[in-house]
Number of protein chains: 2
Amino acid sequence: MFSKATEYALRATIYIAKKSSAEKKIGIEEIAKAIDSPQSFTAKILQALTKENKIVSSVRGPNGGFFLIEKQKKLPVRSILQAMGEDEILEKCVLGLKRCSEVQPCPMHEQYKSIKQQLIKLFVSKTIQQLADDMKDGEIFISNKKQP
Amino acid sequence: MFSKATEYALRATIYIAKKSSAEKKIGIEEIAKAIDSPQSFTAKILQALTKENKIVSSVRGPNGGFFLIEKQKKLPVRSILQAMGEDEILEKCVLGLKRCSEVQPCPMHEQYKSIKQQLIKLFVSKTIQQLADDMKDGEIFISNKKQP
DNA sequence: GTATTTAAGGACAAAATTATCCTTAAATAT
DNA sequence: ATATTTAAGGATAATTTTGTCCTTAAATAC
């Protein structure tokens, strides 16, 4: 569905939301290990998400790292897709037709329509915070390692 | 959602299903023009779909070209994804986690589950034939050109 | 048979994506 | 001030995806 970059962006942001706060920031090394992603590449991605502090916040130096302010935690998950420039996936025609629409529908359009709407709704209604909160019980994970 | 290659594969196969038969085969030039795809690249893709005549049939020489036999028209759309090696997209975790499952769900798993099921159902239940048939009325299209 | 038409197949090129590494800048601690 | 820690940023490399072009093979037409 999404590119690796966007998958890493989603996982990293959720992990940061869960594990950190303005008081307890979190470093790139821990993040990359936790979400099982290539560290340097993930750093680049977080750099993008941190641009203008849109999705993620960061500070440099000792005890520095990444974190989310309250406002950022309340962002819909879709805003991560937008920041990654991969938002159009949710709107796109399954067959890749530029003109596919209600006026000029492709053969999949009618049936795919409701699935698309649900996808959009999911990514708009769920906030970063909510996903992080869901993990609190320890029954929901964001790692590729086998849970004990 | 899908790679360009798979988008072209879907569009080309549907177009062939609609426009051709064992009696009236259809050439790569017409196909590529009709579905608005790069001709040589599309040829390569059809080559793959024609391998072992799995999804598409073809013959060379004058009046040769591509076509579908009845058996092929009845294949589910998903078989095109499978032939393109992109079938896993339907099953994959949205966050790209290898271990995401009912036992070890990611934070999106529960909500994405039903969307995934609908996606799979759509691609399994719809046959190539059905998509081609839907276009018969001239109210459903597979082109990027503006309809008059 | 020879020429023509059309897909098959191989080699290669361009572009995008994924990934690494090194230097720079900012913040803190001493 | 100096050293240390950590993200920011730039350069570059590897891989995958997308795309083109040319030759070969098969089928038909003559």
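Below, two people chat about how chains A and B meet each other and DNA strand C in a predicted model.

Colleague: Hi! How many residues does each chain put into the contact between A and B?

Modeller: Chain A gives 42 residues, and chain B gives 42 residues. Keep in mind that this is a predicted model.

Colleague: How much area do they bury between them?

Modeller: About 3800 Å² is buried between chain A and chain B, with 63% of it on carbon and sulfur atoms.

Colleague: And how many salt bridges cross the interface?

Modeller: The rule finds two salt bridges across the interface of chain A and chain B. One of them pairs B:E7 with A:K92, where the closest N and O atoms are 2.6 Å apart. There are also 15 residue pairs in polar contact between the two chains, counting pairs with both residues at pLDDT 80 or more.

Colleague: Which elements of chain A supply at least two residues to the side that touches chain B?

Modeller: Those are α1 (4-19), α6 (109-125) and α7 (128-134) of chain A. The largest share comes from α6(A), with eight residues. By class, the side of chain A that touches chain B has 23 nonpolar, eight polar and eleven charged residues.

Colleague: Nice. How can chain A be laid on chain B?

Modeller: A turn of 180° with a shift of 0.0 Å along the axis lays chain A on chain B, and the RMSD is 0.0 Å. That is the relation of a two-fold axis.

Colleague: Which residue of chain A comes closest to the rotation axis?

Modeller: A:M1 does, with its C-alpha at 2.3 Å.

Colleague: Why do you say the copies meet through the same surface?

Modeller: Because 100% of the interface residues of chain A are also interface residues in chain B.

Colleague: Let's switch to the DNA. Which residues come nearest to strand C?

Modeller: Of the 26 residues around DNA strand C, the nearest are A:P38, A:R60, B:K44, B:S58 and B:R60. On the DNA side, sugar and phosphate make up 62% of the strand C atoms that come within 4 Å of the protein.

Colleague: What does A:Y8 have 3.1 Å from a phosphate oxygen there?

Modeller: A polar side-chain atom of A:Y8 is at that distance from a phosphate oxygen of DNA strand C. For B:I28, a polar backbone atom lies 3.1 Å from a phosphate oxygen of the strand.

Colleague: And where does B:G61 come in?

Modeller: A polar backbone atom of B:G61 lies 3.3 Å from a base oxygen of DNA strand C.

Colleague: Last one: what classes of residue make up the surface near strand C?

Modeller: That surface has ten nonpolar, ten polar and six charged residues.

How values were computed
Residues numbered from 1 in each chain as written. Chains lettered and ligands numbered in written order. Predicted model: local features only at pLDDT ≥ 70, side-chain atom pairs only at ≥ 80, totals over all residues. Heavy atoms only, no water. Contact = heavy atoms within 4.5 Å. Buried area = accessible area lost by both parts, 1.4 Å probe. Salt bridge = Lys/Arg side-chain N within 4 Å of Asp/Glu carboxyl O. Polar contact = N/O pair within 3.5 Å; in protein donor to acceptor, adjacent residues only side chain to side chain. Helix = DSSP H or I, 4+ residues; strand = E, 2+ residues; numbered from the N terminus. Nonpolar A, V, L, I, M, F, W, Y, C, P; charged D, E, K, R; others polar. Near = heavy atom within 4 Å. Least-squares fit on C-alpha atoms with pLDDT ≥ 70 in both.
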